[in-house]
Amino acid sequence: MLPMFVADGIDEPKGISSMPGVVQHTRDSLRSAAADAVAAGVGGLMVFGVPREQDKDPAGSAGTDSDGILNLALRDLAKDLGDATVLMADTCLDEFTDHGHCGVLDERGRVDNDATLHRYVDLAVAQAESGAHVVSPSGMMDGQVGAIRDGLDEAGYSDVAILAYAAKFASAFYGPFREAVASSLSGDRRTYQQEPGNAREALREVQLDLDEGADIVMVKPALGYLDVLAAAAEISPVPVAAYQVSGEYAMICAAAANNWIDERAAALESLTSIRRAGADFVLTYWAAEAAGWLA
Ligand code: PBG
């Protein structure tokens, strides 16, 4: 599955320096790149929105606005592609908040878990209305899957599935992504993402998401967490996904650019390892290339 970025307020695709070959798309360039990726044989698209700086606010309003960049882009793709691919949306606030956190903050500046759940429901419903087949809560708030499931059902979207970022670690390997979405974050996400040393807690998170009705559970990052992935695959009655994140991609690209490593071979080996560990599918920035390599 291919993660893609669409940005508001740009006239042409904008390269992401730490992720060679990956860009922030305009609405138009996203449409053609998405069509190309689907033609190449990717299993689905995961779309992230990047609002204009001046549209960011403490509540992440641009994410729930039906005319916000992500919702507009989802409508474009739903219209262009119909059921030719699986259209997935990142269901999180961090791209849209001026403080860059995945949730709204309380008066002391801490992420307010329960207040955030209401915002996630609104995000998910807006994305479903815009044509997403799958919503993907990636903010690691407790109770997010259950709240979104109830909210979607009440709004008449019982067919929209939930890909839960179930075990998402507070990782240094998200570095390049922060550039990709022009993140406003200062600080870290260690109060809501998982501690890298704690595999048991990660499995509890997977179990909680399963109990709340997740249709797919995901482990992220991938390569450093293959043990967690294998353990999740062992207990999960639903498909298990893995996200080969921006830093994993950037490292291989950077080494390949120095001729220290063969990009295609290293990419395929890492994807094979992720699959071997138990992933039913993989989010990777090489998705379109890999579809060609494997054809
Ligand atoms: C948060 C989100 C992040 C990524 C996907 N969703 C960043 C974070 O948690 O800090 C990272 C993806 C990547 O690094 O490729 N909405």
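Biologist: Before we turn to the ligand, how should the UniProt annotations be read in this predicted model?

Modeller: UniProt positions are given in the numbering used here, with feature names shortened, and the annotations may be inferred rather than shown by experiment. With that caution, the unreviewed UniProt entry places the annotation "binding site" on two residues, Arg178 and Arg189. Both belong to the lining of the largest cavity, and the one that lies in helix 6, residues 175–180, is Arg178.

Biologist: Which further residues does UniProt list for "binding site", and what is the largest C-alpha distance among them?

Modeller: The unreviewed entry also lists Ser246 and Tyr285 under that name. Although these residues are spread over 40 residues of sequence, they cluster in space, with a largest C-alpha distance of 7.6 Å.

Biologist: Where does the ligand sit, and which of Ser246 and Tyr285 does the lining there include?

Modeller: The ligand sits in the largest cavity. Ser246 has its place in helix 9, which spans residues 246–257. The lining of the largest cavity includes Ser246 and Tyr285.

Biologist: How many residues surround the ligand, and which are the closest?

Modeller: By class, the shell comprises 7 nonpolar, 3 polar and 7 charged residues. In total 17 residues surround the ligand, and the closest are Asp94, Arg178, Lys220, Ser246 and Tyr285.

Biologist: Which side chain has a polar atom 2.8 Å from an oxygen atom of the ligand, and how much of the ligand does the protein bury?

Modeller: On the nitrogen side, an N or O atom in the side chain of Asp90 is 3.5 Å from a ligand nitrogen atom, while a polar side-chain atom of Ser138 lies 3.0 Å from a nitrogen atom of the ligand. The side chain with a polar atom 2.8 Å from an oxygen atom of the ligand is that of Lys168. Taken alone the ligand exposes 410 Å², and the share of this that the protein buries is 100%.

Biologist: What kind of peptide bond joins Lys220 and Pro221?

Modeller: Lys220 is among the residues closest to the ligand, and Pro221 lies in the loop between strand 8 (216–220) and helix 8 (226–235). Omega for the bond joining Lys220 and Pro221 is about -10°, and the bond is cis.

Biologist: Which residue has a positive phi although it is not a glycine, and where is its place?

Modeller: The residue is Ala182, whose phi is about 50°. The place of Ala182 is in the loop between helix 6 and helix 7 (199–211).

Key: Residues numbered from 1 in each chain as written. Predicted model: local features only at pLDDT ≥ 70, side-chain atom pairs only at ≥ 80, totals over all residues. Heavy atoms only, no water. Near = heavy atom within 4 Å. Polar contact = N/O pair within 3.5 Å; in protein donor to acceptor, adjacent residues only side chain to side chain. Areas by Shrake-Rupley, 256 points an atom, 1.4 Å probe, with all protein chains shown as cover. 1 Å grid on protein atoms, 1.4 Å probe; cavity = no way out; pocket = protein on both sides within 12 Å on 5 of 7 lines; lining within 4 Å. Sits in = over half its atoms within 2 Å of the grid points. Nonpolar A, V, L, I, M, F, W, Y, C, P; charged D, E, K, R; others polar. Helix = DSSP H or I, 4+ residues; strand = E, 2+ residues; numbered from the N terminus.
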